[in-house]
Structures are given as C-alpha cells and as structure tokens.
Amino acid sequence: NHLRHVESMAHLPSGAGRITRLNALILGEALASEEDDLVFPSEDFSSHAHVSSLQKYLEMYQRSVHDPSGFWSDIASEFYWREKWGQQVYHENFDVRKGKIKIEWFKGGMTNICYNCLDRNIESGKGDKTAIYWEGNEPGLDSSMTYNQLLARVCQLANYLKDVGVHKGDAVVIYLPMLMELPIAMLACARIGAIHSVVFAGFSAESLAQRIIDCRPKVVITCNAVRRGSKIIYLKEIVDSALLESAQKGIVTDVCLTYENDSAMKKEMTKWTKGRDIWWQDVILKYPVTCDVEWVDAEDPLFLLYTSGSTGKPKGVLHTTGGYMVYTATTFKYAFDYKPTDIYWCTADCGWITGHSYVTYGPLLNGATVVVFEGAPNYPDVGRCWDIVDKYKVSIFYTAPTLVRSLMREGDEHVSRYSRKSLRVLGSVGEPINPSAWRWFFNVIGDARCPISDTWWQTETGGFMITPLPGAWPQKPGSATFPFFGVQPVIVDEKGVEIEGECSGYLCVKSSWPGAFRTLHGDHERYETTYFSAFPGYYFSGDGCSRDKDGYYWLTGRVDDVINVSGHRIGTAEVESALVSHPQCAEAAVVGVEHEVKGQGIYAFVTLVEGVPYSDDLRKSLVMVVRNQIGAFAAPDKIHWAPGLPKTRSGKIMRRILRKIASRQLDELGDTSTLADPTVVDQLIALADC
Ligand code: WTA
C-alpha cells in the first residue's frame, strides 16, 4: 500500500543537488507539507544512475513483488551456478499459524559464493584489478591486493583448512581485527563449504567462549595483537582464555591459527600452546595457490553471526548461500549506484553484519575495489577519514551516524582541509540518523553534491531493506525512504493489525526476500517466537517506524529490550546479567538513554547486597565486570545506585519509570501509585547524581 503514496510522487522533477524546500505550488499540494525538506539528486547523477527515476523504480518494484520468482531468477542468472536451482525459485511459510517457519531461495541450485566473488570476476577480466586497499592503523602502513592475488591467498588458506580436517558444514571461528586476512579467512571458509562465524575482536574472552561453545569450531583463527589508535590489544591472550574456558566446558578446539601481526607485536612475545597454536605465516605459504571449489546447495549455510536479543544469550543468526549472495550483490549495486570505476570504503568491522555484507561479499561479488581500514577514525587525528578518502580516491563512503556526529563536534575545518572531490555517494547505517547529522554529512562531507543512502536493515535481514536508490528520488534528511526491490514492509499496531497511509507503529515485513536469515543456530523455536510470533503472519523487526504521507519510512529505534550504542546492538539483559555476576550487586536494571554521540548510552540501575556501601571503586568495578564479560563497547555510561527498584506488586520492574528517571524527565513519571513501594522513586531521584 505504500505504493499509492509513492506513485503520487512519481512526477516529481529532479532538482539541483542542494537542500530544496518543497514548493507545494510546483509539486502539487498533496505531495508533502511545506515543512518537508526534499533533497534532490542532481540531474547529472540521476541520468547516469542504474535507476534514474521513481517511475523506473516503481516498474521494477512492482515486478519484484508481483513476480518475485521471475525478478530474482533474472538477477541470479548473472552469477555462476554449477547447477541451476529447481522448478520452484522460492518457498516460504511466513505464518506461524500455518506451521513451521521456512524460507528457501534457489533450492537445488549448486554454487559457491567465493567462486562468484573471485574466480568469476577474474574470468571476466578483472584479475589485475585491485580488490582490496588495506590501510593500517599507522598512516603510511598500507598494502593492496588484486583479484588474482586475493584468490591465491584465499586458496592457500582453504587448502590448509582442508588439510587440518575442516570439512563442508564445519564451523570456523574468526576473531581478527580489520587485516586483509579477515576477508581472506571468510572467503576461504566459503570456498570449502565451511561455516564461518566471525566474532568482533572487541568482544571479551567470555563472550568469545560463549560463541565457541555454541558453534563448536574445528579451528579458531586470530592474530597475536593489533594496534587501534594509540592502544595495543592482545587478541591471542583473549583467545587463550576463551579456549581455556570452552575446554573446561568440554568444547575443545584443535587448532588456533594465529597470524603474526608484526606491526603490533613480535612473534617471540606471544604465549604459545604447543600442538594447538600454529603461526599462519609458518604454514600457509607452503600450500598451493589454487584450490578446488566445494559446490554447495543454495540453502547450505554460509555463516553464523551472533547478535544480541532481549534475553541474555546471544542468538546465532544463520545465513545460507544462494539467496544471501544474490541479495547482497544486488542491494550493493543499486543502493550505492555502484559503477566499476568506484572505489568503495565501508568503515564497519567485518565482525558485524555490515562488514559481512558490505565489506566482503556485496562489493566483491560486484568486482569492486574495497578499502579495508585497520585503525580508528580519529587517529592520529580527526581528519583521518578524509585523508584516506583522498589517498585512495574513495567515491562511495559508507559509515554510521555515530561517526558522523563525533566528527561534526570537532568542527568543519578538519574536513575542509581535504579535497574529498572523489566522493560521489555517501551511506549511513546502524541507527536512525538525526536530521542535523544528516545535513552536516551532506553539506560538509559531501559538499552538497553526494546523495546519502540511509540504509535500514539488520543482521537478520542480510542486506538492505529500506534504502534510497540515490538517483531515483529525493531524500528527506532522517528518512530511509522506500523499500528495496522485493521487500514488502508493513506497519502494524500493537494488536498486529496492518495500518495504512500516514501512521506509526511496529515495523514488520510481509513476505520473504532472498537475503533473509533462515534460522537461529540450534534453536528454530526461538527463531519463530522472537521474530514471527509477536504479529503472526509477519516478520517483526523489533523496530518502531512511521510512514509519512508521501510514503517515506522513518525509523524510530528499537521497541524491545535492545539498546543501540554507536550502532552496536546490545541487549539490556546481557548487561544486567554481567552486572549481577558481580558479588556485591544484588539486582540490576538497564535502560537506554539518549547520547549525543553514541545515539544511545547505557544507563544501569543497581541495587547492592545488604550492608555493602556504594563507592566510586565499586562503581568502577561494576563497569569493569561488564567490560570483561561482554566487551569495552558495552561498558555502562552511568551506574545509578538504587536502594530499591520500582516494582509492581507482582514484582515486575517498571522500566518505563526507570527510563524517565534516566533521562531526567521527572515530570513525566506518570502514575506511580501501582508500585509496591512508591517511595523508591523519590529515593532514586535523590540519588541520581551520586
Ligand atoms: C538499527 C545493522 C535506523 C535498527 C545493519 C535495527 C537502523 C538495528 C538503521 C539492526 C537505519 C540499522 N536507520 N535504524 N538506517 N540501520 N538500524 O543487526 O534498530 O547490528 O533493528 O544491523 O539497527 O542492527 P544490526
């Protein structure tokens, strides 16, 4: 139904590449209110874009939802398939009331995503094209690799993995920073049909152990250490503790393949477990630079990626091969209007879904040149990103609002001293981008020349779901705009009833798309209850959303117990369970609060064990326990000592009240008379700045 609104916009003229206040007289009164800012792509941009107008989008979109089989088979045919998929292009049951949730795309088709990223592009003449520009933490430390070279490196590792007994369907955990070896390791696993599970190298030993225990890898791949900004992080030591912990729980990993990252730490300094630990550089070079491909079914698993949910245990999101391949490649091409001459840089880490789909697979499937950056965006100074943009002539720059906001605070002069004239398209992901950050990104970074693709999607969706196609329609700062091909978003009310037109509610999706996750590792029931049971008949995203009268979608943030800190998803329950594991903490309740740079900050209310006094040391050790159990990125911004928590008479914590106290909206506490002990609220307020 969003199409009705979009269709009415189809005759919008394209304007200059500047923020244009919509002139209701030119565009027809029904289109948008006068307050709306529409930002048009330039005519030049639109005329060269893959999708040059709203009409063209509508034609393609209509086909994608009315004939998904035809639409997606045509695209899938551009890839290499050892054997074509069966008669039925896709199969889905999206409705828990009709039985088990099931999604399949291109079942029966035999392919390999590594082959499609590398061999296929090399065969079409891109062998000598740069696949990866690697930029180290220290300026001046860099290297690059062509498609031919990348294939050779991937094959050597793939051969090694086979040699140590990794077979199709086996799991491999990758705990690496942004070295070239990270995408190499992912591709090597894919080449032999092994399932990779990349764990973001900012996760603690305990979190890593939890993931190792859940997916039982044959091999863990890591490096000895990495420099990030001015810090050194000793990854191998973290892996050692994780392997010790998982071995104590009966899960023994045979091989820990360790890359010597000698820019951070020398080999000799690294602690070593003989028989288990192997230096990457000692073994890999001995292997042949070619390696046969393991042809896998489109529905064979490609990777597992753990993400946070509303309970303490992370969920192993499972993606399969064929649909994910077709979907990431297609979304990359259209949402960034990718052209073969582009140089693409996504600042995300491969430890998150953005790095999977839009550092590794999406770009390489398109034969793109990708910048992989090891360091921190503010090191050695806050101009580093633009230095990198100029150095590699980056034309597509994809990042998170938190980075935009943090650089915005530093002032325009750190941007304007760089040229940035190579930039063509900008992208945003991870959280809603507030209009003021959007405008700064657009006007200052992009010199009011580059459209911004604000891409809404999730670990679960595999690829972009709601995103601008940058040449096709005007953007509105802060709106992810319209659905990608094949995606049918719906907004439902709390009863699960679909609402039409201008509205707000819960964002759901009505039918499957090729990149959708297929299950949660080892727990299909949790998959069904978490995502398909809240509003039967739909996939529920966990996000709130509104739709304006022009059909534009505006994401408003999570509506479940997940906090989005700097674009990282953190479950409140995970932080709470870390806090209560502290021997002096009796109870914890965590809520998200608005944070100027991070989007949301973590605010933790804690009650202490009887008789324990609150002190600054205790506060620090509570923060430390979260850092140790989850990772530094999940450290609470505020610990609020609470003698008691506001609870209903049945013992349920009233988070609504805690959120108001955390954000100091004290006149909006609402009715507190139903609390078991209403006086705790006054106590909490009195202790707020303790
Ligand atoms: C949020 C990251 C608004 C959203 C790709 C979603 C966004 C969660 C946007 C998924 C966006 C991501 N606008 N919100 N453009 N992109 N989100 O799984 O709340 O790490 O549910 O995937 O991030 O986070 P995840």
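**View 1. Residues of helix H16 meet residues of helix H18 in this predicted model.** On the H16 side, the residues involved are Val404, Arg405, Leu407 and Met408; on the H18 side, they are Ser436, Ala437, Trp440 and Phe441. Six of the residues in this contact are nonpolar, one is polar and one is charged. Helix H16 spans residues 401-410 and helix H18 spans residues 435-445. Their axes are 10 Å apart and form an angle of about 75 degrees. Because angles of 65 to 115 degrees count as roughly perpendicular, H16 is described as roughly perpendicular to H18.

**View 2. The largest nonpolar core of the model contains 181 residues.** Leu157 and Leu579 are the residues with the most contacts inside this core. Helix H8, residues 147-163, contributes the largest share, namely nine residues. A second core, separate from this one, has 31 residues, including Leu426, Trp440, Val444 and Ile452. Trp440 also takes part in the contact of H18 with H16.

**View 3. Leu579 is shown with its contacts beyond the neighbours within four places in sequence.** These contacts are Cys585, Ala588, Val590, Ala604, Val606, Leu622, Val625, Val626 and Ile639. In the UniProt record, an unreviewed entry, residues 574-652 carry the annotation "domain: AMP-binding enzyme C-terminal". That span is 27% helix and 32% strand, and its end C-alpha atoms lie 18 Å apart.

**View 4. Thr130 is a buried residue of strand E6.** The strand covers residues 130-135. The relative accessibility of Thr130 is 18%, and the residue therefore counts as buried, the limit being under 20%. Apart from its neighbours within four places in sequence, Thr130 is in contact with Ser144, Met145, Thr146, Tyr147, Ala368 and Thr369.

**View 5. Ser144, a contact of Thr130, is found in strand E7.** Strand E7 comprises residues 142-146. With a relative accessible area of 42%, Ser144 is partly exposed. When residues up to four places away in sequence are not counted, Ser144 touches Thr130, Ile132, Tyr133, Trp134, Gln149 and Met180. Cys256 is 112 residues from Ser144 along the chain, and the C-alpha atoms of the two are separated by 26 Å.

**View 6. Helix H14, residues 353-365, is largely enclosed by the rest of the structure.** This description applies because 13 of the 13 residues of the helix are buried. Just after H14, Gly367 takes a positive phi of about 70 degrees.

**View 7. Helix H10, residues 205-215, is shown with its buried residues and the elements that cover them.** The buried residues are Ala205, Ser207, Leu208, Ala209, Arg211, Ile212 and Cys215. Their cover includes the strands E8 (171-175), E9 (195-198), E10 (219-223) and E16 (301-307). Helices H11 (235-248) and H21 (616-629) are also among the covering elements. Just after H10, Arg216 has a positive phi of about 45 degrees.

**View 8. Residues 57-117 form a span annotated in UniProt.** The record, an unreviewed entry, gives the feature as "domain: Acetyl-coenzyme A synthetase N-terminal". Helix accounts for 39% of the span and strand for 16%. The end C-alpha atoms of residues 57-117 lie 27 Å apart.

Technical notes:
Residues numbered from 1 in each chain as written. Predicted model: local features only at pLDDT ≥ 70, side-chain atom pairs only at ≥ 80, totals over all residues. Heavy atoms only, no water. Helix = DSSP H or I, 4+ residues; strand = E, 2+ residues; numbered from the N terminus. Buried < 20%, exposed > 50% of the residue type's maximum accessible area, 1.4 Å probe, protein only. Contact = heavy atoms within 4.5 Å. Axes fitted to C-alpha atoms, helices over the stretch in contact; angles between N-to-C directions. Parallel < 35°, antiparallel > 145°, perpendicular 65-115°, else oblique. Nonpolar A, V, L, I, M, F, W, Y, C, P; charged D, E, K, R; others polar. Core = buried A, V, L, I, M, F, W, Y, C linked by side-chain atoms within 4.5 Å. UniProt positions renumbered as here; feature names shortened; annotations may be inferred.
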